Amino acid sequence: MYAVRLHEYGPAENLRYEQITPPSPGEGQVRIDVRASGVHVIETRLRSGRGIGPHPAPALPVVLGGEVAGVVGALGPGVDENWLGRPVVGTLDAHGGYAEQAVAAVEALHRIPDRMAADTAVAMITTGSTALGLLDVAEAEPGDVALVTSAAGGVGALLIQALHRQGVTVVGVAGGPEKARQATSLGADIAADYRDPEWPHAVHDALSGKEIGIVFDGVGGTTGRQAFDLLGPGGKFLLHGWSSGTATQLTTDDIIGHASTVIWAIGPQLLRRAGTMRELRARAIQAAADGGLEPLVKRYPLDRAADAHADLEGRRAVGKIVLVPAATAADSPADAQAGSRPGR
């Protein structure tokens, strides 16, 4: 099979598209013929040899990727035969998702609802569940004003849709005019380009006296700090990432001065309502199946995984990045060749 493998830590071009031996499912596992594999910003850091949180730098060589959707093609010992041929989406124990086939534990899988595309399913399994968990923590109510940074990203796009449907006034902040327009199309009432140094003043004026009660900060850095400074007294500041490269820097004096609640909203906080991660993921998949949420997806052929990483790091990507088999990619022509070469 073809896979994208990393032999040496470093830049995106170190990802190489090559032929390797397909994995074999073990006890309680299945092998999935992958139709879509999610790309996460964490994987760009792992690729460079840096661990992050509970994720250590992987041993090399490695096939990165922790979320896949596809069809069960082979069963390991002890697995019910009814799984064979079933369309599924799930997470992997460690890595292995950037490949045409991957192995996953049955207990980590969810059946893909009828008529749901594989790329939609893989976008919802982690990105979608994160968005729903953040909404649970925020407890926004109709009439509230919420600011979403990284508004054209995978999580941000879903947050805007959900908040808009809840009757919340949404401020979408994104990098670049095209992304700001994307935020408006998703349902943001006010959109701003954080590359414009005057964006906080523009947002303040557009709100016409309304106060921002909730900030979803997935960017960090200067943008995150500017968003915090726009937060009204008694508001909530939910940190859930730092795509800028550094987390938003705050002090206890900042928090006291704003009389605000600052929450690192990833991890146990996400499960405040759902109870378990499996239940949260099931909710996310169902939300897409019901039409309540529609993930914004950018597809790349598997053999262009390096381009996907480069675009993600360069903050050029819009929505959730998903790798699809090179022969079936729709966004870009496939140019896979036999043997090993840079995956871009």
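Start by selecting Gly-187, the residue that follows helix H4 and has a positive phi, near 130 degrees. The model on screen is a predicted one.

**Helix H4**

Step back from Gly-187 and select H4 itself, residues 177-186. Color its buried residues: Lys-179, Ala-180, Ala-183 and Leu-186. These four span an arc of only 115 degrees around the axis, so they lie on the same side of H4. Turn the helix to its other side, where Arg-181 and Ser-185 are exposed. Now add what lies over the buried residues of H4: the cover includes helix H3 (154-165), strand S9 (169-174) and strand S10 (190-193).

**Thr-149**

Next, go to the loop between strand S8 (145-148) and H3, and pick Thr-149 there. Is Thr-149 buried or exposed? Its relative accessibility is 0%, so Thr-149 counts as buried. Show its contacts, leaving out neighbours within four places in sequence: Val-173, Phe-216, Asp-217, Gly-218, Val-219, Thr-223 and Ala-227.

**Phe-216 and the nonpolar cores**

From that list, move to Phe-216. Setting aside residues up to four places away in sequence, Phe-216 touches Thr-149 again, along with Leu-134, Leu-135, Ala-138, Ala-146, Leu-147, Val-148, Leu-159, Leu-163, Leu-238 and His-240.

Phe-216 also belongs to the largest nonpolar core, which has 50 residues. Which members of this core touch the most other members? They are Val-89, Leu-159, Ile-160, Leu-163, Phe-216 and Leu-238. To see where the core comes from, display helix H2 (118-138), S8, H3, S9, H4, strand S11 (212-217), helix H8 (277-289) and strand S15 (320-324); each supplies at least two residues. H2 gives the most, with 11 residues.

A second core, separate from this one, holds 26 residues. Select Met-1, Ile-20, Ala-99 and Ile-321 to find it; these are among its members.

**Aromatic pairs**

Now look at the rings. Across the whole structure there are three aromatic pairs. One of them is Tyr-2 with Tyr-17, a stacked pair with 4.7 Å from centre to centre and 5 degrees between the planes. This pair links distant parts of the chain: Tyr-2 is in strand S1 (residues 2-6) and Tyr-17 is in strand S2 (residues 15-19), 15 residues apart. Tyr-2 has a relative accessible area of 16%, under the 20% cut-off, so it is buried. Tyr-17 is buried too, at 2%.

Another pair to select is Phe-228 with Phe-237. This one is edge-to-face, with 5.3 Å between the centres and 90 degrees between the planes. Phe-228 is buried, at a relative accessible area of 0%, and Phe-237 is buried with 0% as well.

**Charges over rings**

Two further stops have a charged end placed over a ring. Select Arg-86 and Trp-83: the charged end of Arg-86 sits over the Trp-83 ring, 4.4 Å from its centre. Then select Lys-298 and Tyr-300, where the charged end of Lys-298 sits over the ring of Tyr-300, 5.6 Å from its centre.

**Confidence**

Last, color the chain by pLDDT. The mean over the protein chain is 92, and 95% of its residues reach 70 or more. Where does the pLDDT fall below 50? It does so over residues 330-344, a stretch that has 47 contacts in the model beyond near neighbours in sequence.

Notes
Residues are numbered from 1 along each chain as its sequence is written. This is a predicted model: local features need pLDDT of at least 70, side-chain atom pairs count only at pLDDT 80 or more; totals for chains, interfaces and linings use all residues. Side-chain values use heavy atoms; hydrogens and water are left out. Rings of Phe, Tyr and Trp (its six-membered ring) pair if their centres lie within 6.5 Å; planes under 30 degrees apart count as stacked, over 60 as edge-to-face and the rest as tilted. Buried means under 20% relative accessible area, exposed over 50%, partly exposed in between (1.4 Å probe, protein chains only). A charge sits over a ring if NZ of Lys or CZ of Arg is within 6 Å of the ring centre and within 35 degrees of the ring normal. The arc is that of the directions from the helix axis to the C-beta atoms. Contact means heavy atoms within 4.5 Å. pLDDT is the predictor's confidence in each residue, from 0 to 100. A nonpolar core is a set of buried Ala, Val, Leu, Ile, Met, Phe, Trp, Tyr and Cys residues joined through side-chain atoms within 4.5 Å.
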